[in-house]
Amino acid sequence: MIIFVDLDDTLLPKSQKLSPYTIEILKECQKKGHKLVFSTARSIQAAMPVFKQIKADYMVLNGGSSIYNNSLNLLYENRIGKRETKEIISYLEGKGLYTLLVEAGDGFLTDNKDFVDKYHAKLVDFNKLDLDAIKMVYIDDYQDNAKYLRKKYNLDIINYIGCNLQKVSKHTKAEGNKILLKLLNTVEKTICFGDDLGDIEMLNDADFPVCMCNSQPALLNLNFPKTEATCEDDGVAKYLAKYVLNK
């Protein structure tokens, strides 16, 4: 079985530290031949602290736009082109909106010094930016601009972690998961854990979708099986122990 798991508020508690119990269960799943896959909006840099705690077999990162194996080799990546990156930043500026961060492969970039320490970002001048972005994040309370950018540039734009942050990338997590399954050339059953609106598509695609009981209300209202415990209480591991390891 392929185990797709979101990180923030799904596998990870607020402390960002996996419990010994969760690590033990995940390793036991791997020993029995199940593949562990992190499927997250995080970049490779942001996912590494979790990878160091439990070595996933694969990581679908940047909201589905990058895929790595457990040797940290890049298997797949689809970026927003240089021209499109510039045009999107310019468009948002013209609408009075702020581009918070650009992920370019070696960490976040920002043109606001207030976000340098918060996001471990490099300070740059966005007007002089000349690169293809893996992911962009901007602030907007409404969806009209997202609809326009989605259609014009064939992008995925989702409301990020239940607030007014909008995540921009070439793929959804669900699309990234499908690409990984194609690369693996496997027909193994899949189980998927998520907690936010951006996880709905990959939950729908899974053979066994599981919604965290601490999920966003909109997700809890959907008809997905739910964990009995939250991310603060080993929710993913307890579900795997009961239904996959049959403990």
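**Helix 3 and helix 4.** I began with how helix 3 crosses helix 4, and the crossing is right-handed (the near helix is turned clockwise from the far one by less than a right angle). The axes of helix 3 (residues 82–94) and helix 4 (residues 144–153) come within 12 Å and cross at roughly 160°, which makes the two helices roughly antiparallel (over 145 degrees). Axes here are lines fitted to C-alpha atoms, for helices over the stretch in contact, with angles from 0 to 180 degrees between N-to-C directions. Contact (heavy atoms within 4.5 Å) involves E84, E87, I88, Y91 and L92 of helix 3 and N145, Y148, L149, K152 and Y153 of helix 4. I sorted these residues into 6 nonpolar, 1 polar and 3 charged.

**Ground rules.** I am reading a predicted model, where local features need pLDDT of at least 70 and side-chain atom pairs pLDDT 80 or more, while totals for chains, interfaces and linings use all residues. Residues are numbered from 1 along each chain, and side-chain values use heavy atoms, without hydrogens and water. Helices (H or I, at least four residues) and strands (E, at least two) are DSSP runs numbered from the N terminus.

**The sheet.** Next I looked up the open sheet of 7 strands, and noted the order 5-4-3-2-1-12-13 with mixed pairing (at least two DSSP bridges). Its edges are strand 5 (74–77) and strand 13 (208–211). Strand 1 (residues 2–5) pairs with strand 12 (residues 190–194) in the parallel sense over 4 bridges, and I found I3 opposite I191.

**Helix 8.** Finally, I checked helix 8 (residues 235–243), whose buried residues (under 20% relative accessible area, 1.4 Å probe, protein chains only) include Y239 and L240. The buried residues of helix 8 pack against strand 1, helix 1 (20–31), strand 12 and strand 13.

Notes
Buried means under 20% relative accessible area, exposed over 50%, partly exposed in between (1.4 Å probe, protein chains only). Angles under 35 degrees count as roughly parallel, over 145 as roughly antiparallel, 65 to 115 as roughly perpendicular and the rest as oblique. Ala, Val, Leu, Ile, Met, Phe, Trp, Tyr, Cys and Pro count as nonpolar, Asp, Glu, Lys and Arg as charged, and the others, Gly among them, as polar.
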